[in-house]
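Hi,

Here is the structure I promised to pass on. Please open it first, then read my notes below.

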Amino acid sequence: MEGAALSAPNIWDTTARVSQKMQLIVEIEITCPHCGEVFPLQIDTSESEQSLIEDCSVCCRPINLTIRCQPGTVDSLIAHS
Ligand SMILES: [Zn+2]
C-alpha cells in the first residue's frame with residue numbers, strides 16, 4: 001500500500017550512562033617531609049591500596065607515599081621520608 005506511515009524508530013538514549021564514567025584520576029596535594037613544600041600529585045584511585053615513591057618537585061628528594069583510596073576518592077595518604 002502506497003503512503004503507509006512508517007513507524008518511528010525507537011531510539012534509546014544510552015549516552016547518559018556512558019557520560020557518567022567515573023573519574024579515577026584524582027589530584028591531591030602532598031606535603032614534602034624533607035622541605036615542607038606542598039605540591040599537587042595525581043593519584044590513580046582504581047587501586048585501593050598502593051605505595052609509591054615520588055620525587056619532590058621542589059627539593060627533588062624521594063618521598064614514600066602510602067595511599068588508601070576508593071574509586072574516585074583518596075581516603076588517606078601518608079608521606080614519609
Ligand atoms: Zn621537598
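**What I found**

Start with the contacts, bearing in mind that this is a predicted model. Take the contacts in the protein chain between residues at least 6 apart in sequence: 40% of them join residues at least 24 apart.

Now the overall layout. The protein chain has 1 helix and 5 strands. Along the sequence they follow the pattern α-β-β-β-β-β. The chain has 81 residues, and buried residues make up 10% of them.

**The sheet**

Look next at the open sheet of 3 strands. Its order is E3-E4-E5, and the pairing is antiparallel. Strands E3 (49–55) and E5 stand at the edges, and each has a single partner strand, so one side of each is left without a neighbour in the sheet. From one strand to the next, the twist averages 25°.

**The E4–E5 hairpin**

Strand E4 covers residues 62–70, and 7 bridges join it to E5. The two strands run antiparallel. To find the register on screen, use two pairs. Cys 69 has Val 74 in E5 as its bridge partner. Ile 67 has Leu 77 in E5 as its bridge partner.

The hairpin of E4 and E5 has 2 residues between the strands. Check the backbone at Gly 72 there: it takes a positive phi near 100°.

How many residues of strand E5 are buried? The count is 0 among its 8 residues, 73–80, and the strand is hardly covered.

**One residue to click on: Leu 65**

Leu 65 is found in strand E4. Is it buried or partly exposed? Leu 65 has 17 C-beta neighbours inside 10 Å. A residue needs 20 or more to be buried, so Leu 65 counts as partly exposed.

What does Leu 65 touch, leaving out residues up to four places away in sequence? Its contacts are Ile 30, Ser 51, Leu 52, Glu 54, Leu 77 and Ala 79. Ser 51 is worth a look on screen. Leu 65 and Ser 51 are 14 residues apart in sequence, yet their C-alpha atoms are 5.4 Å apart in space.

If you want a quick route through the model, begin with the E3-E4-E5 sheet. Move on to Gly 72 in the hairpin of E4 and E5. Finish at Leu 65 in strand E4.

Best wishes

Conventions
Residues are numbered from 1 along each chain as its sequence is written. This is a predicted model: local features need pLDDT of at least 70, side-chain atom pairs count only at pLDDT 80 or more; totals for chains, interfaces and linings use all residues. Helices (H or I, at least four residues) and strands (E, at least two) are DSSP runs, numbered from the N terminus. A residue is buried if 20 or more other C-beta atoms lie within 10 Å of its own, exposed if 12 or fewer, and partly exposed in between; C-beta atoms are placed from the backbone. Two residues are in contact if their C-beta atoms, placed from the backbone, lie within 7 Å. Two strands pair if DSSP finds at least two bridges between them. Axes are lines fitted to C-alpha atoms, for helices over the stretch in contact, and angles run from 0 to 180 degrees between N-to-C directions.
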